[in-house]
Each structure stands twice: as C-alpha cells, then as structure tokens.
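User: I'm new to this one and would like to get my bearings. Could you show it to me and then take some questions?

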Amino acid sequence: MRDDSKPAFSYPVKVGHISANAVSVHLSANEAERRALAKLWNVEEVLSLAADLQIARWKKDGVKIKGDVAARVVQSCVVTLEPVEAEIKEPVEAIFVPEGSRLARQAQNDGGEMVLDPDGPDIPDTFAGDTIDAGVVVAEHVALAIDPYPRKEGAVFGERIESSEADDKRPNPFAVLKNLKKD
C-alpha cells in the first residue's frame, strides 16, 4: 500500500534533470516542517534541521544522494521528564534505482536464500515515476539517529525497592482471629 500523503519534510528531485556531475543542494526545514517532524518523530521540538547534499547520477539509471545532515531536537528525559536538547550530525548516503531495475535485486545462493553482508553496502532503494524525495531521505537518517532513551546529564534512577525474604512470606489468614481471641 502506498502512502500518498505529503511528507513532513520534502524536497522532490526530478531524476531526468540529474547529470553525472554532482549537484550541491542545501536543505533546511522551516517552522511548519519542524513542527510536523517533531510530531512524526515523537519529540517535544525540532529546533533545526539542515543538510548539505551532493546529488548525482549513479550507474546508468540510478541516483546517488550523499552528504551530511545536522539537527537539534528537544526530547523528554526518561528519568526526570525534563527537556533534553540533543545535537545530531549524521552522514547521508542513499542510492535509488527505478522499480524493476536489475541493480535492485538481491543476491541469492543456490538454495534461494538472500545473501546479505552486514558490513557491505546497502542494496539500492527503488523509486517509481520520475521523482525522488531527498527531504524524506534526510528525515529518515535523522529519525534513525535520535536517542530513543534520552537522559539529562546527571539524572539517575532512585534506589530500587527489592523484596526481602520476610516480605515474600505469605501471611496467615487466621492471624486476625488469633488476636480476637485474646480480647
């Protein structure tokens, strides 16, 4: 199922206009885009998002996007719930090929299993039509770099309450009756 809704951060690039020589592109999110990204990423606020990219033709019909992204986000501390500001700097590298391209196929062994090298390059992503959204690529790279458990400096959890052997002993339900007999 395709999601045709407008992405939170978008910079469409026409594949037909891309040459073999890399084109430098600077992207930055405006206030409305930062609010939409904060909601998408489930953070309190996105203070800034900027990327410097090189977009060029890859092999015959593919596109390569390479560069750096920088963002500043505010999240809630998992211990104190106070705001924590985080700075993110990530390299961006993505390769796109048209749907049905032989370059997008995965290598398989004789048994039909996919062969993946965890340290090797990622397989290219596919695109349909004549447009790639570089803004979505940037937003995905930042989303993956956000700390899922932000902690304010010096914040620690309090002592844990551990049960003792006496706490684990089941009380006798007739103990109350024993006290009544004495009165």
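What follows is a short round of questions and answers about this predicted model.

User: Where in the protein chain is confidence lowest, and where is it highest?
Analyst: Overall, the protein chain averages a pLDDT of 83, and 81% of the residues score at least 70. Looking element by element, the low end is helix α3 (residues 165–168), with a mean of 70. The high end, at 95, is helix α1 (residues 31–41).

User: How many helices and strands does the protein chain have?
Analyst: You can walk along it from the N terminus, where the elements go β-β-α-β-β-β-β-β-α-α-α. Tallied up, that secondary structure comes to 4 helices and 7 strands.

User: Which strands stand at the edges of the open sheet?
Analyst: The open sheet has 5 strands with mixed pairing, in the order β2-β3-β4-β5-β6. An edge strand has a single partner, so one of its sides is left without a neighbour in the sheet. That description fits β2 (23–28) and β6 (125–127).

User: And what does the twist average from one strand to the next?
Analyst: We're still with the sheet that runs β2-β3-β4-β5-β6. Going from one strand to the next, the twist averages 25 degrees.

User: In β4, which residue is the bridge partner of Ile55?
Analyst: Start with the two strands: β3 covers residues 45–58 and β4 covers residues 62–76. They pair in the antiparallel sense, over 13 bridges. In β4, the partner that Ile55 bridges to is Ile65.

User: Which strands does helix α2 lie across?
Analyst: Take α1 as a warm-up: that helix lies across β2, β3 and β4, at about 95 degrees to β3. Helix α2 (residues 134–145) runs at about 135 degrees to β5 (83–98). The strands α2 lies across are β2, β3, β4 and β5.

User: Is Ala36 buried, partly exposed or exposed?
Analyst: Ala36 sits in helix α1. Buried means under 20% relative accessible area and exposed means over 50%. Ala36 has 31%, so it falls in between and counts as partly exposed.

User: How far apart in space are Ala36 and Pro7?
Analyst: Along the sequence, Ala36 and Pro7 are 29 residues apart. In space, going C-alpha to C-alpha, the distance between them is 8.8 Å.

User: What share of the residues of the protein chain count as buried?
Analyst: For background, the accessible surface of the protein chain is about 13500 Å², and carbon and sulfur atoms hold 50% of that. The cut-off for buried is under 20% relative accessible area. Of the 183 residues, the share that counts as buried is 28%.

Methods: Residues are numbered from 1 along each chain as its sequence is written. This is a predicted model: local features need pLDDT of at least 70, side-chain atom pairs count only at pLDDT 80 or more; totals for chains, interfaces and linings use all residues. Side-chain values use heavy atoms; hydrogens and water are left out. pLDDT is the predictor's confidence in each residue, from 0 to 100. Two strands pair if DSSP finds at least two bridges between them. Axes are lines fitted to C-alpha atoms, for helices over the stretch in contact, and angles run from 0 to 180 degrees between N-to-C directions. Contact means heavy atoms within 4.5 Å. Buried means under 20% relative accessible area, exposed over 50%, partly exposed in between (1.4 Å probe, protein chains only). Accessible areas come from the Shrake-Rupley method with a 1.4 Å probe; for residues, only the protein chains shown count as cover.
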